[in-house]
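Have the model loaded in your viewer, with selection by residue number ready. Each stop below gives a selection and then what is there.

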Amino acid sequence: MSRAKCIMVQGTMSGAGKSLLCTALCRIFAQDGYRVAPFKSQNMALNSFVTRDGLEMGRAQVVQAQAAGMEPDVRMNPILLKPSSDVGSQVIVNGEVRGQMPAAAYFKLKKSLIPDILAAYDSLAEEVDIIVIEGAGSPAEINLKADDIVNMGLAKLVDAPVLLAGDIDRGGVFAQLYGTVELLEPAERARIKGLVINKFRGDAAILKPGLTMLEEKTHLPVLGVVPYLRVDIEDEDSLSSRLESNTAVKPLDAAILRLPHISNFTDFMPLEQHPLLSVRYVQSPRQLGAPDVVILPGTKNTIDDLLWLRQCGLEAAVQKLAAAGTPVLGVCGGYQMLGDTLADPEGTESGRSQTVRGLGLLPIQTVFTDAKHRTQDTATVTAPPLAGAALTGYQIHTGRTAVQGVPFCRLADGSDEGCVQGNVAGTYLHGLFDTGELTEKLVQLLCSRKGISPADAPLLSMQEYRQQQFDLLADGVRRALDMNALYAAMGLERRSTV
């Protein structure tokens, strides 16, 4: 089998839209009949996923794999950094935890990880036709270029042609693109096959004089102006605009606590699709108000975020709502917070040995250890009034939780998982709303409490919804980009047009 061709998308900054462009290209190439795999050598994200073989990778490459019709594979993201503080991260290599490291220690280590990166890439390249590579941040971060393994450093290692994308929605896109190109070395500039203006709103004809001047100054073609596409594709971490939503606009109000180290908030995307549910993220008791349901999400630092809840007054507000009968749900770290105690004897979670009290809403006790639990699971909710909902998802956590109360669900292997006490429930299962069944059960419960009729329209499963959104994204990007030039940059002939 011949080695895969590749194309790399780099950006002028974080949030320039690299992930979505790569997702679109994965879908487009798959639509055109190619076997496609995404790749990002190093990803920094708190939204992670567990593969079928129990390994951990960033969700951005999971989404791109889904767009390509591929099973997510840890080779698509060999290095994952999960920030645990402003200066340190958990370092995950080939899906396994390598350790907790301050930034300086990781920078000393990362060049030694090049063999891992190349082994993952080369293995994928033997199995597919095209690899769509995503960069990180900007290739013009001149303080980091000497040790770069994710932008031009990686492009050189795998001989990748590059598209450079700029975000016009933030302003200054011409300066972004021109400045980035100028800060690159001649050999790096030679890798760029074209520029892309991303997230444009308005009449593209107005841009033409600027595009012409940009091409003259950079000596690079502009291969497309991609409009601001209103598609609902999973985002990464704190850059997500969905975390800014804090106003209820539908009959039912679901309030999710926006923890400082919030992770896997993509768990709650399916809730946003329901016609009766408003999903908002709150950071204070005043924003919380009196919602119909409160959700405590996952977090990379459970103890620190629990102490933050205590200090800002959200803990007392949630306890008061729970006492009044408001349904409260905790997922992963949020589940741990709802218990009686959280013990960190070795300092593996919080950096120092300590035991703290939880919110006291569930009869559970959690002890943190070095070992990380990573599984894909199917389950059925056993606790009324949500009983009967079929779930699919995954667990990814370091705490071990002892449960004295009623379990939330039963896993396919017959074991119990999670806990319920009255109107408070908790589970380690991420992706619990993806099938749509738990969403429907929850909406029925909230409607009965509020005296309104549930919506008649059946919900799409999250899988069907994702596929629709991937097609919308691919259609918009395909129309905007010069696909002939893109295929030519990879040394491929265009097979077809969808």
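Select strand S26, residues 424-427. Val424 and Gly426 point one way, Ala425 and Thr427 the other, and all are buried. Buried means under 20% relative accessible area, exposed over 50%, and partly exposed in between, with a 1.4 Å probe and protein chains only. Strands here are DSSP runs of E with at least two residues, helices are runs of H or I with at least four, and both are numbered from the N terminus.

This is a predicted model, in which local features need pLDDT of at least 70, side-chain atom pairs count only at pLDDT 80 or more, and totals for chains, interfaces and linings use all residues. Residues are numbered from 1 along each chain as its sequence is written, and side-chain values use heavy atoms, with hydrogens and water left out.

**Partners of S26**

Add strand S18, residues 328-331. S18 and S26 pair in the parallel sense over 4 bridges; two strands pair if DSSP finds at least two bridges between them. Look for Val328, which stands opposite Val424.

Now add strand S25, residues 419-421. In which sense do S25 and S26 pair, parallel or antiparallel? The pairing is antiparallel, over 3 bridges. Gln421 has Val424 as its bridge partner. The two strands form a hairpin with 2 residues between them. Stop at Gly422 in the turn: its phi is positive, about 65°.

**Helix H8**

Select residues 208-218. Which residues of H8 are buried? They are Leu211, Leu214 and Thr218. These cover an arc of only 60° around the axis, so they sit on the same side of H8. The arc is taken from the directions from the helix axis to the C-beta atoms. An α-helix has 3.6 residues a turn, so residues three or four places apart point the same way.

Show the surroundings. The buried residues of H8 pack against helix H6 (173-182), strand S11 (192-200) and strand S12 (222-227), where contact means heavy atoms within 4.5 Å. Turn to the face away from the buried side: Lys208, Pro209 and Glu216 are exposed there. Step past the helix to His219, whose phi is positive, near 60°.

**An exposed loop residue**

Go to Asp86, in the loop between strand S6 (79-83) and strand S7 (88-93). Asp86 is exposed, with a relative accessible area of 84%. Draw a distance to Ala103: the two C-alpha atoms are separated by 9.1 Å, at 17 residues apart along the chain.

**The second largest pocket**

Select Phe49, Gln66, Asp434, Gln463 and Arg466, which lie nearest the pocket centre among 23 lining residues. A pocket is an open set of points on a 1 Å grid over the protein atoms alone, with protein on both sides within 12 Å along at least five of seven lines; a cavity is a set where a 1.4 Å probe fits but cannot get out; lining residues have an atom within 4 Å of a point. The pocket holds about 640 Å³ of space. Grid points are joined across faces, edges and corners, and a volume is the space filled by probe spheres set on them. H15 gives the most to this lining, with 4 residues.

**The largest cavity**

Finish with Val63, Gln66, Asp232, Ile233, Glu234, Met269, Arg466 and Phe470, which line the largest cavity. Its volume is about 40 Å³. Helix H2 (59-68) and helix H15 (462-480) each supply at least two lining residues.
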